[in-house]
Amino acid sequence: MKHHPLLKICLNFSAVILLLALIITPFYFAKNFSQVAGVKSQSPYLVVSQVEKFPGMTLTQDAASFQISFTKQGASQAYLGVLIVNNPTNEPKKYSLQESSTNNNVFFGEDLQNQLTQISMPPQTSVPVSILSSDSPFLSQTVQFTIQSQ
Amino acid sequence: MVAKSITKLIDEAIIPALALILAKILGLYLAIYFLNLPFEIKSKGFLAILPAVNFANLADYTRAENYSNLAMFLAASAGAILVLVRAHFFHQSHIHPKLQAKLASLNLESLIAESYHLYHQAIIWLIFLWLTVGFLVTSTILGFTYPQISIIAFLVAANFSWVLAIDVEKEIEISRESLSG
């Protein structure tokens with residue numbers, strides 16, 4: 001009984017695939033059968049402080065609420081990149097800044113002409129947070145803000 | 001229709017695959033039992049249907065992995081040793097006549113195997129042995145396995161391959177003699 005060559009090729013190919021599957025199965029099983037329990041909750045963002053680069057600037061954090069104190073050298077002064085906000089997740093995230101002080105602006109990025117208080121960040125990326133202290137007679141300033149993720 | 005060799009290899013691969021899986025499970029449970037490692041069984045842990053064993057922290061997971069991978073390697077080694085012993089002492093082409101007579105008297109002639117069967121078995125067990133070595137080396141690079149285990153595994157696999165090569169060489173010489181003679 002003659003067998004079609006294409007059928008022979010298909011059957012032999014399938015047999016090879018089956019053999020490879022049989023050989024790989026124990027190792028796939030060995031790799032996945034035991035696992036480490038995953039982290040139950042993942043932080044939506046990570047903050048890296050850069051305040052040590054600015055003389056006289058201090059940072060206090062309480063959960064998502066940040067308080068930065070500094071001493072100005074002039075009436076209007078900008079502090080670029082006081083914090084770095086990271087998106088450590090595997091999906092894009094939207095972050096917003098809510099600040100409670102009036103004389104100071106806190107924004108994402110370092111562009112004084114484009115002060116963003118909301119930003120959408122791709123996964124595994126980071127953005128700096130800057131402060132612009134506008135005309136104020138007080139040299140010592142404190143700015144309070146929160147970072148929210150959506 | 002399917003090549004005889006491929007069919008034979010598939011046939012010979014089933015038992016080693018099962019042996020390795022069972023050795024891994026047994027090694028894991030023995031490590032948990034003797035080392036008192038806390039764990040939980042997570043249903044649908046992998047492949048969305050099979051359960052997985054979860055360890056609370058990386059240290060426990062690493063210890064359990066080391067011992068269970070070692071058990072898996074020992075199973076692969078044991079299978080390879082059996083095949084190599086059979087290839088050296090119970091090989092139909094060059095078995096010692098006295099041994100053959102003894103086996104015949106004990107009704108154990110089924111232990112004697114021909115080259116086709118033995119070498120297919122040997123290939124499969126050595127493939128599993130070397131893949132286990134590769135698995136251990138990869139685990140060592142990722143930091144989950146102690147390097148000593150990988151080094152010993154490599155040396156054992158290399159030696160077993162050399163022993164099989166000697167038998168293959170002997171077989172080739174016998175074939176040459178029978179062709180010329």
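Start where the two chains meet: about 2700 Å² of area is buried between chain B and chain A, and carbon and sulfur atoms give 78% of it. Keep in mind as you click around that this is a predicted model.

**Stop 1: the interface**

Select Met1(B), Ile10(B) and Phe46(B). These three supply 24% of the area that chain B buries against chain A, more than any other three residues. Now widen the selection to everything that takes part in the contact: you should have 34 residues from chain B and 24 residues from chain A.

How many salt bridges does the rule find across the interface of chain B and chain A? The count there is zero. Polar contacts do turn up, with six residue pairs between chain B and chain A, counting pairs where both residues are at pLDDT 80 or more.

Next, colour the pieces of chain B that face its partner. Helix 1 (4-35), strand 1 (39-46), strand 2 (50-55), helix 2 and helix 4 (115-142) of chain B are the elements that give two or more residues to the side touching chain A. Helix 1 of chain B brings the largest share, 12 residues. Try colouring this side of chain B by residue type as well: it divides into 28 nonpolar, four polar and two charged residues.

**Stop 2: chain B as a whole**

Hide chain A for a moment and show chain B as a cartoon. You'll find five helices and two strands. Trace them from the N terminus and the order is α-β-β-α-α-α-α.

Switch to a surface view of chain B. Its accessible surface comes to about 10200 Å², and 69% of that belongs to carbon and sulfur atoms. Of the 181 residues in chain B, 41% are buried. Look at who touches whom, too: among contacts with a separation of 6 or more, 66% are between residues 24 or more positions apart.

**Stop 3: two salt bridges in chain B**

Over all chains, a search of the whole structure finds three salt bridges. Let's visit them, beginning in chain B.

Select Lys8(B) and Glu12(B). Their side chains meet in a salt bridge, 3.1 Å from N to O. Both residues lie in helix 1 of chain B, four residues apart, which is about one turn of the helix. Are they buried or exposed? Both Lys8(B) and Glu12(B) are buried.

Now move on to Glu65(B) and Lys24(B). They form a salt bridge too, with the closest N and O atoms 2.9 Å apart. This pair links distant parts of the chain: Glu65(B) is in helix 2 of chain B and Lys24(B) is in helix 1, 41 residues apart. Glu65(B) and Lys24(B) are both buried.

**Stop 4: a serine in helix 2**

Stay with helix 2 of chain B, which covers residues 58-89, and click on Ser77(B). Why does Ser77(B) count as buried? Its relative accessibility is 7%, and the cut-off for buried is under 20%. Show its surroundings, leaving out residues up to four places away in sequence, and you'll see Ser77(B) touching Leu129(B), Val156(B) and Phe160(B).

**Stop 5: a glutamate in strand 1**

Jump to Glu40(B), found in strand 1 of chain B. Unlike a buried residue, Glu40(B) is partly exposed, with a relative accessible area of 45%. Which residues is Glu40(B) in contact with, leaving aside its neighbours within four places in sequence? The answer is Ala52(B), Val53(B) and Asn54(B). If your viewer has a distance tool, draw a line from the C-alpha atom of Glu40(B) to that of Ala56(B): the separation is 8.2 Å, although the two are 16 residues apart along the chain.

**Stop 6: over to chain A**

Bring chain A back. Its secondary structure comes to one helix and 10 strands. Reading from the N terminus, the helix leads and the strands follow: α-β-β-β-β-β-β-β-β-β-β.

Chain A has 150 residues, and 36% of them count as buried. Its accessible surface comes to about 8800 Å², with 58% belonging to carbon and sulfur atoms. For contacts in chain A with a separation of 6 or more, residues 24 or more positions apart account for 71%.

Finish by selecting Lys93(A) and Glu91(A), whose side chains meet in a salt bridge (3.6 Å, N to O). Lys93(A) counts as buried, at 16% relative accessibility, while Glu91(A) is partly exposed at 43%.

Notes. Residues are numbered from 1 along each chain as its sequence is written. Chains are lettered from A and ligands numbered from 1 in the order in which they are written. This is a predicted model: local features need pLDDT of at least 70, side-chain atom pairs count only at pLDDT 80 or more; totals for chains, interfaces and linings use all residues. Side-chain values use heavy atoms; hydrogens and water are left out. Buried means under 20% relative accessible area, exposed over 50%, partly exposed in between (1.4 Å probe, protein chains only). Contact means heavy atoms within 4.5 Å. Accessible areas come from the Shrake-Rupley method with a 1.4 Å probe; for residues, only the protein chains shown count as cover. Buried area is the accessible area (1.4 Å probe) that two parts lose on being put together, summed over both. A salt bridge is a side-chain nitrogen of Lys or Arg within 4 Å of a carboxyl oxygen of Asp or Glu. A polar contact is a pair of N or O atoms within 3.5 Å; within protein, one must be able to donate a hydrogen and the other to accept it, and residues adjacent in sequence count only if both atoms are side-chain atoms. Ala, Val, Leu, Ile, Met, Phe, Trp, Tyr, Cys and Pro count as nonpolar, Asp, Glu, Lys and Arg as charged, and the others, Gly among them, as polar.
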